[in-house]
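The questions below ask what entitles us to use certain structural terms here, and each reply sets a computed value against its definition.

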Amino acid sequence: MRRDFYRDQLSAAAFYKLLTATVVPRPIAWVASRSESGVDNLAPHSFFTVASTDPPVIQFTSVGEKDSLRNIRATGEFTVNLTPEDLFERVNATGTAFSPKTSEFEAAGLRREPSTFVRAPRVHESPVALECRLHSLIPVGNCTLVLGEVVHAAISEQVLDGDHPRVDLLKPLSRLGRNEWGTLGEVRQINRIRLEDWPGDFPVDTP
């Protein structure tokens, strides 16, 4: 038996908590940006995915008007850094609502490293940094979708198998509901089934 949660009978905050507890796990965009006055901001955003493969575009959602959004709107640049398990506490710390004049790099004891093609810094301790130029901003309700074209990727050789990043070495964090976070856990592999190999005991609609 299912329990019904009617949107028109719940507050926006209550429904938000339902969504973040059921749309799980969510990868984290650790977004570094630089303000017009030169302050480097770093913040985790857990509504994050790939928007396009050619050109390569990634997107994250700013819930409300945050420093990341203001900086990106002003400068047109940012980096997205991977959040590994061993930086759990520091990633969480950068989600604190500091003043725009405070850099989360200093507050959380993280080191910057210069990017190759954008002015926003990369997180030195992170194994992956994606340098982005703003593609577009799309307002949706009380949020803004931030789409950035990836112009450069910098990946630590320690997490590569040839040219392929190994997820067991990346050890990415994810966000769940409430104050819950996820780690990689068990990794399973399965090949996608080609239509011509579809087994006869599974129903399939054909044109």
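Q: What makes β1-β13-β14 an open sheet, and which of its strands are edge strands?
A: In this predicted model, three strands stand in the order β1-β13-β14 with antiparallel pairing, and β1 (26–27) and β14 (181–182) are called edge strands because each pairs on one side only, where strands are DSSP runs of E of at least two residues, helices are runs of H or I of at least four, and both are numbered from the N terminus. Residues are numbered from 1 along each chain as its sequence is written.

Q: How do you know that β1 and β13 pair?
A: Two strands pair if DSSP finds at least two bridges between them, and two bridges join β1 to β13 (residues 174–175), running antiparallel, so the criterion is met. Arg 26 has Arg 175 of β13 as its bridge partner.

Q: Why is His 45 called buried or exposed?
A: Buried means under 20% relative accessible area, exposed over 50%, and partly exposed in between (1.4 Å probe, protein chains only); His 45, in strand β3 (residues 40–45), has 4% relative accessibility and therefore counts as buried.

Q: What makes the approach of the His 45 side chain to the side chain of Ser 68 a polar contact?
A: The term requires a pair of N or O atoms within 3.5 Å, and within protein one must be able to donate a hydrogen and the other to accept it, while residues adjacent in sequence count only if both atoms are side-chain atoms; the two side chains make such a contact at 3.1 Å. Side-chain values use heavy atoms, with hydrogens and water left out, while local features need pLDDT of at least 70, side-chain atom pairs count only at pLDDT 80 or more, and totals for chains, interfaces and linings use all residues.

Q: Why is Ser 115 called buried or exposed?
A: Ser 115 is found in the loop between β7 (112–113) and β8 (122–123), and because its relative accessible area is 15%, Ser 115 is buried. Its side chain reaches the backbone oxygen of Ala 120 at 2.6 Å.

Q: What makes the largest group of 17 residues a nonpolar core?
A: Such a core is a set of buried Ala, Val, Leu, Ile, Met, Phe, Trp, Tyr and Cys residues joined through side-chain atoms within 4.5 Å, and the largest has 17 residues, with Val 31, Ile 58, Phe 60, Phe 78, Val 80 and Leu 130 having the most contacts inside it. The largest share, three residues, comes from β9.
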